[in-house]
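Visitor: I am new to this structure and would like to learn how to read some of its features. Could you show me the model and take me through them one at a time?

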Amino acid sequence: MLNRAFLSLFLTLNLFANENLANKLIVAYPLFLEKYEDNFIYFKDGSKLQFSTNNKNSSYEEILKDSSLENQMSIKYKRIEENQNYTPQKNEDAGRFRNEEFFKKIYGKDRKEVEKNLVKIKWLPNLNNQTLFVTKINGINEKLQQISSELERLPKEFHKYILKPDGVYNFRTISGTNRLSAHSFAIAIDLNKEYSNYWLWGKKKSDIEYKNQIPLEIVKIFEKYGFIWGGRWYHYDTMHFEYRPELLLD
């Protein structure tokens, strides 16, 4: 009897937890999402996606290859403002789990659909005036333009990190995988590669040695507009910023 009561309580708490995570998605993408009900996220066009697929016992690599929406929301992102010098723990990669169907529903199911919504922005117009192609969906083009304006106002010593960005839109899979990169949806930007660190650039070890050169003042500006930072990942990618407002909600 006690075991049955405990199981019932566990299931109830799990349902509440999922509802809380699902509601963050709905708040973050109000133009597209309608509601959460019976383990499904409903889009405003009437379509739906299953939220949890009960794959909690799968390995990290298995979840990375086939993430549910619950997986996508499962790791808490540590904001710079609250956790200045935090080093991510093993496999703490808030944002690397992506449900590909979710992003296809919002930004385009293929290259042609994504490119229909691309617009040009001027990156750092008073410094190097580079043209970048960015999606206009969710106002990401406007947000990146505002980020550009704030970055330009930083002192000169910060400029080397933000000049010569490695790009935004690039419809491609992540190297060595079949998963689409966030750049495929034009929702991510890579800063100057020369002053960046990436976990695969070093010697492969069982435990990854964290490295970063990007000043946190830059990261704060991106987070302000809904972008998470790849430098908050155990599998770090410090040049990488990605529009993921659902992970920045309290």
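Visitor: Is Ala186 buried or exposed?

Guide: In this predicted model, Ala186 has a relative accessibility of 0%, and because anything under 20% counts as buried, Ala186 is buried. Ala186 is placed in the loop between helix H7 (159-162) and strand S6 (188-190).

Visitor: What is the phi of Ala186, and how should I read such a value?

Guide: The general idea is that most residues other than glycine have a negative phi. Ala186, which is not a glycine, has a positive phi near 60°. Asn39 is another residue to look at, since Asn39 also is not a glycine and has a positive phi of about 70°. Asn39 sits in the loop between strand S1 (33-37) and strand S2 (40-43), and with a relative accessible area of 22% Asn39 is partly exposed.

Visitor: In which sense do strand S4 and strand S5 pair, and over how many bridges?

Guide: Strand S4 (residues 118-123) and strand S5 (residues 130-135) run antiparallel to each other and are paired over 6 bridges. To follow one of the links, start at Lys120, whose bridge partner in S5 is Phe133. The two strands make a hairpin with 6 residues between them, and in the turn Leu124 has a positive phi of about 50°.

Visitor: What should I know about the side chains of a strand before I look at a single residue?

Guide: In a regular strand, side chains point alternately to one face of the sheet and to the other. A residue to examine here is Thr135, which belongs to strand S5. Thr135 has a relative accessibility of 1% and is therefore counted as buried.

Visitor: Which residues is Thr135 in contact with, leaving aside its neighbours within four places in sequence?

Guide: Thr135 is then in contact with Tyr107, Asn117, Leu118, Ile140, Asn141, Phe185, Ala186 and Ile187, and you have already met Ala186 as a buried residue in a loop. Tyr36, by contrast, is 99 residues from Thr135 along the chain, and the C-alpha atoms of the two are 26 Å apart.

Visitor: How much space lies in the largest pocket?

Guide: Empty space is found by rolling a probe the size of a water molecule over the atoms. The largest pocket holds about 810 Å³ of space. The pocket is lined by 32 residues, of which Arg172, Ile174, Ser175, Tyr198 and Asp237 are the closest to its centre. Helix H2 (residues 60-65) gives the largest share of this lining, with 4 residues. By class, the lining is made up of 11 nonpolar, 10 polar and 11 charged residues.

Technical notes: Residues numbered from 1 in each chain as written. Predicted model: local features only at pLDDT ≥ 70, side-chain atom pairs only at ≥ 80, totals over all residues. Heavy atoms only, no water. 1 Å grid on protein atoms, 1.4 Å probe; cavity = no way out; pocket = protein on both sides within 12 Å on 5 of 7 lines; lining within 4 Å. Points joined across faces, edges and corners; volume = space filled by probe spheres on them. Nonpolar A, V, L, I, M, F, W, Y, C, P; charged D, E, K, R; others polar. Pairing = 2+ DSSP bridges. Buried < 20%, exposed > 50% of the residue type's maximum accessible area, 1.4 Å probe, protein only. Contact = heavy atoms within 4.5 Å.
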